[in-house]
Amino acid sequence: MYSIKLVKTEAQRYRTAPKLGFVRDGDGWRVVTKPWYNGENDWEVFFELETDAQKPTLPEVRIVAPGVKVARAITGKTDVPFTQQGDETTFRLAPDQSVGPMIRIGYSSPRGGPPISLDHNWEMRRNGEYLSVPWPAKQVAAVPNYLLAAQEVFRVMGDMGPGQPKKFEGDIVLMSSEVAASRGHADFPQHVHIMHYQFETNAVGERVYSSRLVPHFYMDDDGLIVRNNFAVLAGHGKSALLGLNDVCRFEDTFGQHMLDLVITKVGLELRRPVGRVYSLRPDPDLGASHAVWGYQGDNPICRVEAHDDPAHGVFSYQLDTIKGGKLWKPFVTVTATIHSPPRCWASFRNHRHRENP
């Protein structure tokens, strides 16, 4: 499957629905007609194309889109040459099967802790079920706060990876949720993933999941975590719908107990087998959309406040570490260029670690 799109010179909509046809080498190719795979937003018109061929010749396509000038043509994340004559734009696909609508990057903090698959959710790209509800601004803003606070809390634990020391196999994996419904992915409503992945090599040499434990921590309208759709896709445990005070247990394939995740009235608790209890709690005054605090027992250990502006290509957060009830420096401020509108690729650029006495 290949994602392709046209980027407009200005934010506007076409007069009639854009149509795609094949000019050359289109044998065996087709437009995916499933819901959400093709569409238009203020800046883009996009299609998903597919073929059953193992080594296909990439086709030349023509998109008829009345009334709007084209600034760029893109396959996956790759710009390609194009020609526009009147309402017709013609270009050949590039060998890039990246998912086009999604803005997802992998972020690893230089301080440590599990990496985060971080989605930058541009309201303009909302698709799928997100088209039928008011924009969940507080939930969208809360997700990176939870994930970055979790990253720091796992770092403080000291034995949860990535790398050693670790008393279990596999890794804790942090991931947000997208609103673009890329290739039909219904990531709805907004939620936080704190997962366990473990891999093995099968008989034919493929790397496959031996454990894939996937909680989906859903929030209320204010960003407070209220329920967990726990999916056991591989490994130990049973899939379940979990609510207040229900235990979500993480074990690796050898039965080694690493973590329990429990929704409580104050937040999400991360309970260690040795009896230590950590938690992620919304800011007590302004809620999780503004900031999330990390706790060990009843003692705060960090506070994270993130700001994401996909429309202007800037993501930043501030991490404050707390010891003895007081802010402890150094603190971390991160500024990241994720794309330049209306670009579609994503990458962190500036990472600053500022130290104050």
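**Close-ups of a predicted model**

A search through the whole structure turns up zero disulfides. Keep in mind that this is a predicted model.

**View 1. Two buried cysteines, Cys248 and Cys302**. Cys248 has a relative accessibility of 1%, so it falls in the buried class. Cys302 comes out at 0% relative accessibility, so this cysteine is counted as buried too. The cut-off behind both calls is a relative accessible area under 20%.

**View 2. Leu174 and its contacts in strand 13**. Leu174 belongs to strand 13, which covers residues 171-175. With 0% relative accessible area, this leucine is buried. Leaving aside residues up to four places away in sequence, Leu174 touches Pro114, Pro115, Ile116 and Ser117, along with Leu147, Ala150, Gln151 and Phe154, plus His193 and Ile194.

**View 3. Leu174 and Arg281, C-alpha to C-alpha**. Along the chain, Leu174 and Arg281 are 107 residues apart. In space, their C-alpha atoms are separated by 17 Å.

**View 4. Asn228 and its surroundings in strand 16**. Asn228 is part of strand 16, running over residues 225-234. At 3% relative accessibility, Asn228 is buried. A polar atom of the Asn228 side chain lies 3.4 Å from the backbone nitrogen of Phe230. Not counting residues up to four places away in sequence, Asn228 touches Pro215, His216 and Phe217, then Ala240, Leu241 and Leu242, and also Ile263 and Cys248. That last partner is the cysteine from View 1, buried at 1% relative accessibility.

Key: Residues are numbered from 1 along each chain as its sequence is written. This is a predicted model: local features need pLDDT of at least 70, side-chain atom pairs count only at pLDDT 80 or more; totals for chains, interfaces and linings use all residues. Side-chain values use heavy atoms; hydrogens and water are left out. A disulfide is a pair of cysteine sulfur atoms within 2.5 Å. Buried means under 20% relative accessible area, exposed over 50%, partly exposed in between (1.4 Å probe, protein chains only). Helices (H or I, at least four residues) and strands (E, at least two) are DSSP runs, numbered from the N terminus. Contact means heavy atoms within 4.5 Å. A polar contact is a pair of N or O atoms within 3.5 Å; within protein, one must be able to donate a hydrogen and the other to accept it, and residues adjacent in sequence count only if both atoms are side-chain atoms.
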